Amino acid sequence: MGGVGKTTLVKKVYDDQRVKSHFDCHAWITVSQSYNVAELLRSILKQFYEVRMDVAPLGIERMDIMVLTQALHDYLSEKRYIVVFDDVWDEQFWGYIDYHLLKNNKSSRIVITTRTQNVAAFCKSSARVYVHEVEHLRPEQALDLFYKKAFWHHDGKCPPLLKSLSTSIVQRCEGLPLAIVAIAGLMSTKGNDISKWQKLYDNLSIELRINPQLTSIERILTFSYLDLPYHLKSCFLYLGMFPEDYTIEYSRLIRLWIANGFIKETHGSLLEEIAEKYLIELIHRSLIQVAKVKTDGKIKACRVHDLLREIILIRSEELGFSHVKAETLSALNGSARARHLSICNREGFKSKKVFRFQTRSVIFFEAISSLNSLFFPEFKLLNVLDLEGAHLHTISKEIGNLYFLSYLSLRNTKVHALPKSIGKLRNLETLDMRQSCVSEISIGPDEFPKLRYLLVYFFDEEVQLMIDSQHGVKIQGSVGFLKVLQKLYELDIEHASMDSIVELGNLSQLKKLGIVNLKVAHGIALCNALEKMTSLESLAVSSAKEEKILELQSISSPPIRLERLRLMGRLEKLPDWIVKSELLVRIQLNWSRLKNDFLKQLQALPNLLELWLHDAYDGTQLHFVKGSFQNLKWLVLGKLSGLKALLIDEGALPSIEKLIIGPSPGLEEVNSGVQGLRNLMTLKFVDMPKEFVSRMIPDKGADYWKVRHVPFIQFDFTTYGSRYISYKLGDSNLPKYLNRTSPYRYETLETFCCNHYSYN
């Protein structure tokens, strides 16, 4: 059954680095009840590339099922892989997927989790399968789990006066981990007040007795919802807008909550800060699961368990919080109560009749057919219109009549231009046009007075990762009119006037800024503007060409909250203000081609977790001295062509977990300091000379002792027959490859970046 811990158990094993080190590549696929085989294969292929820090082949989104199958077979021909298919419902699933995955006699593994015995039986009948049935927790295990979650702020120690009630509550949960975690999360909000605990327990007992429509587990989960304070209930119900097993982007969810009015302003706090507190509280109550985290531990994405989503849908239907599937779309004509519509439809919309409701938000998923004629003349109260991924080429001028619209997403659409009427949206707070074809936007003095997020860029996959492969938006008018703007990413200032650069300094609330095509003549003006941005947390600046100088030396007082910095273009020297930015957690320098050893300037930054260098240094030696980079977790040293010595002293890089090196043709051996990096989990070499690689061959190489402690070591080589080939250390085919006449060749910078790194 759901919630027994199948996914948790498999995820625990899957995430263990000791397990991953046995495989060359791995993928985790959540299978919905209405799955599409081609999409599953596409997701597998993407994950294989992603986990190896490579970029999937161009055109992968357009590949049909047979091309995807061949691509998978080609990719896996010499690799040992593991794929997890989570939450399979269809007993025919294995028959479909078994045909498409390669059987290469490399001891690869496929793991399936399912609630149904029929799925397991079908797999067992057609392949050598081991079936592990996950049982409910024993009483002592259940109680231990409850203590850990209910008393997490006391290291899982239960006060003596609450032990009896805790035991009674756990007995009600019938050993089901999901129910235990949910109810423990609820109880953790009540402190150690025994009267509050007793009241909640009594109410739970009543709910379990009087509601025959729900199973006991569903009643417990429902009770967790009922106990939510009023301000969290709408936020929680809105999670049902997303499809089953959907990974929800953190920032998208926060903006949707705000746009729908679920977040109320309080004195001294920004709406985003309040929304984040709401999300954290739902996580602590175990009603939301964290799906992805950033290097600094901040939440990147979340999801909702299937059973909890069912509770959401039941409550939403009762309250008129409709979440509509494609197959029930025709029934909408009578659903005038619906305030929020989530539409999963692959057929498109040929009639406007369904859109006649007092609806506040509409989100489209999987809208494959043309939506070019889409407009909502009846949606007078609409707050949210999310068309991400729709096959949309134009947007009707009627959009300007949606006076209350505060959130508009055209992300991943084919829209080229916005109608002039867009300026009438005086309540618009979020305009998301990432990966759309929009390149210009007009902003007048009375337009967009409430706009907080302007997200517009297009990454050109055909050009691959060159400095001009990412395009921003040109603003006609004045960006200075956007007084409350928090994110502007990315702004193309190639043809901007000096006055418009100066006006950037008026954006006092800006937290994230991306600038492309910076000219030397605009450098000082931009620096002056940046000094005024006291709220800035993330900055990305690129010049027009790799060889063009980035003029950013003139900042005397950098933004005090700056955490993320990306500079793309030549630097005559490392700007002095960078070392003053002590909150920096990520620095990325591309094509900087610095002459002097800049590590001495960066090594003392106390919060730096990631350092990405690509063609950033022209020197012959990099020296990580003792005590340097105490908290750094990721280090990428890409295309340092002149590097001949990489020195790592004992006590340097003590927290490093991932290290990527190459191509550096002048580097002859691995420095012995690598042996002292005891937290290093992943070591990757890209297009390194065969002599360098041969020195690490197990039992034969002179440098093997330096790296043998690292769980995962990989070598990437660019080849003529395909884009590249990868080998894990210990693979019997690696020595054979090294003995070939031409074991590798160097790529162009652009192809190299596309294959091996992803900087966005």
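Strand β27 (residues 658-661) pairs with β28 in the parallel sense, and four bridges join the two. The model described here is predicted. Within this pairing, leucine 659 stands opposite leucine 683 of β28. Strand β28 also runs parallel to strand β29 (residues 712-717), to which it is joined by five bridges. Leucine 683 has a bridge partner there as well, namely isoleucine 713. Leucine 683 of β28 is thus matched with leucine 659 and with isoleucine 713 of β29.

Strand β28 spans residues 682-686, and five of its five residues are buried. The cover extends to both faces of the strand. Thr682, Lys684 and Val686 lie on one side, while Leu683 and Phe685 lie on the other.

A further sheet is open and has three strands in the order β4-β6-β5, with antiparallel pairing. Its edge strands are β4 (248-249) and β5 (289-293), each of which pairs on one side only. Four bridges connect β5 to strand β6 (residues 299-303) in the antiparallel sense. Glutamine 289 has arginine 303 as its bridge partner in β6.

Among the helices, α9 (residues 177-187) has 11 of its 11 residues buried, so the helix is largely enclosed by the rest of the structure. The buried residues of α9 include Pro177, Leu178, Ile180, Val181, Gly185 and Met187.

The structure holds 34 salt bridges. Side chains of opposite charge can pair when their charged atoms come close. Three of these pairs are listed below with their N to O distances.

| Salt bridge | N to O distance |
|---|---|
| Arginine 42 and glutamate 39 | 3.1 Å |
| Lysine 106 and glutamate 78 | 3.5 Å |
| Glutamate 610 and arginine 586 | 2.8 Å |

Arginine 42 and glutamate 39 both belong to helix α3 (residues 37-51). Because they are three residues apart in α3, about one helical turn separates them. An α-helix has 3.6 residues a turn, so residues three or four places apart point the same way. Arginine 42 is buried, with a relative accessible area of 6%, whereas glutamate 39 is partly exposed at 40%.

The salt bridge between lysine 106 and glutamate 78 involves two loops. Lysine 106 lies in the loop between α5 (93-100) and β3 (109-114), and glutamate 78 in the loop between α4 (65-76) and β2 (81-88), so the pair ties together parts that are 28 residues apart in sequence. Lysine 106 is partly exposed, with a relative accessible area of 24%. Glutamate 78 is also partly exposed, and its relative accessible area is 31%.

The salt bridge between glutamate 610 and arginine 586 involves two strands. Glutamate 610 is in strand β23 (residues 610-614) and arginine 586 in strand β22 (residues 586-590), so this contact ties together parts that are 24 residues apart in sequence. Both glutamate 610 and arginine 586 are buried.

Salt bridges also link Lys190, Asp227, Glu281 and Arg285 in a network.

Technical notes. Residues numbered from 1 in each chain as written. Predicted model: local features only at pLDDT ≥ 70, side-chain atom pairs only at ≥ 80, totals over all residues. Heavy atoms only, no water. Buried < 20%, exposed > 50% of the residue type's maximum accessible area, 1.4 Å probe, protein only. Pairing = 2+ DSSP bridges. Salt bridge = Lys/Arg side-chain N within 4 Å of Asp/Glu carboxyl O.
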